[in-house]
Amino acid sequence: MKISTLEDLLVEELKDLYSAETQLLKALPKMAEAATSKALKRGFQKHFKETQRHVERLKKACAELDVTPMGKKCMAMQGLVEEGQEVIDEDAEPEVKDAALIAAAQRVEHYEIAGYGCVRTYAQLLKKKKLARLLQQTLNEEGKTDKALTQLARKINVEAEDPAGDVPPPKKSASLTKKILHAVGID
Ligand code: FE
Ligand code: FE
């Protein structure tokens, strides 16, 4: 399809996101299965359900524009899912694997955040308020997922650094700030 208007671009990007979300829908149960941390497992399961809703919203968005969401393959998500699969297949300590799963999942979320941010803005520029609101909802959920993964990483990355648990947890951020200030010579 020739992309000559912003609306054409919006349609192309929605199709790309639809492909991305449907690919992710297949990958998330595998990531949940590979996770050891119960909280991480639950996080992946929760995001699986959200992703089902994201797919539905994209169908709605495309119906709104009178186009089919099908017809495009998101190559970036294909690569991100392949990297996730590499992590799943990795022979690693459970805590380390969980940390790697989080890293893979956050790459996915950041990709989606970029994609939804763009389509939401195009919809706003084209004065399609309903569409912009719909896409904003998904954008918010992707953002929340990313933040939840960051929270989980705080705990899991510490465990990955020390699977046996004999090193005390890192000091509070105040002392870290001190260390950084000292390192740059301004303490
Ligand atoms: Fe999504
Ligand atoms: Fe997502």
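Me: Two residues count as in contact when their C-beta atoms, placed from the backbone, lie within 7 Å of each other. With that settled, how many helices does the protein have?

Reply: Keep in mind that this is a predicted model. Going from the N terminus, the elements run α-α-α-α-α-α. There are zero strands, and the helix count is six.

Me: OK, let's pick α2. What covers its buried residues?

Reply: The buried residues of α2 include L40, F44, H47, H54 and L58. As for what sits over the buried residues of α2, the cover includes α1, α4 and α5.

Me: How far apart are the end C-alpha atoms of α2?

Reply: α2 has 27 residues, and at 1.5 Å a residue it should span 39 Å. The model agrees with that expectation, because the end C-alpha atoms of α2 lie apart by 39 Å.

Me: And which residue just after α2 takes a positive phi?

Reply: α2 covers residues 38-64, so to speak of what comes just after it is to look past that stretch. There, a phi of about 65 degrees turns up, and the residue that takes it is D66.

Me: Which helix supplies the largest share of the largest nonpolar core?

Reply: That core has 37 residues, and L14, M31, L101, I102 and V119 touch the most other members. α1, α2, α3, α4 and α5 each supply at least two of its residues. The largest share is eleven residues, and it comes from α1.

Me: V119 is on that list. Which residues is it in contact with, leaving aside neighbours within four places in sequence?

Reply: V119 falls within α4, which runs 94-125. Setting aside those sequence neighbours, V119 is in contact with L10, E13, L14, L17 and L135.

Me: Now for a helix pair: are α3 and α4 roughly parallel or antiparallel?

Reply: The axes of α3 and α4 come within 9 Å and cross at roughly 175 degrees. An angle over 145 degrees counts as roughly antiparallel. So α3 and α4 are roughly antiparallel.

Me: How many residues in the contact of α3 with α4 are nonpolar?

Reply: On the α3 side, the residues that meet α4 include A76, M77, L80 and V87, and on the α4 side they include L101, V108 and Y111. The contact also has one polar residue and three charged ones, while the nonpolar count is nine.

Me: Last one: what share of the 187 residues in the protein is buried?

Reply: A residue is buried if 20 or more other C-beta atoms lie within 10 Å of its own. By that cut-off, the buried share of the 187 residues is 32%.

Notes. Residues are numbered from 1 along each chain as its sequence is written. Chains are lettered from A and ligands numbered from 1 in the order in which they are written. This is a predicted model: local features need pLDDT of at least 70, side-chain atom pairs count only at pLDDT 80 or more; totals for chains, interfaces and linings use all residues. A nonpolar core is a set of buried Ala, Val, Leu, Ile, Met, Phe, Trp, Tyr and Cys residues joined through C-beta atoms within 7 Å. A residue is buried if 20 or more other C-beta atoms lie within 10 Å of its own, exposed if 12 or fewer, and partly exposed in between; C-beta atoms are placed from the backbone. Helices (H or I, at least four residues) and strands (E, at least two) are DSSP runs, numbered from the N terminus. Axes are lines fitted to C-alpha atoms, for helices over the stretch in contact, and angles run from 0 to 180 degrees between N-to-C directions. Angles under 35 degrees count as roughly parallel, over 145 as roughly antiparallel, 65 to 115 as roughly perpendicular and the rest as oblique. Ala, Val, Leu, Ile, Met, Phe, Trp, Tyr, Cys and Pro count as nonpolar, Asp, Glu, Lys and Arg as charged, and the others, Gly among them, as polar. The expected span of a helix is 1.5 Å times one less than its number of residues.
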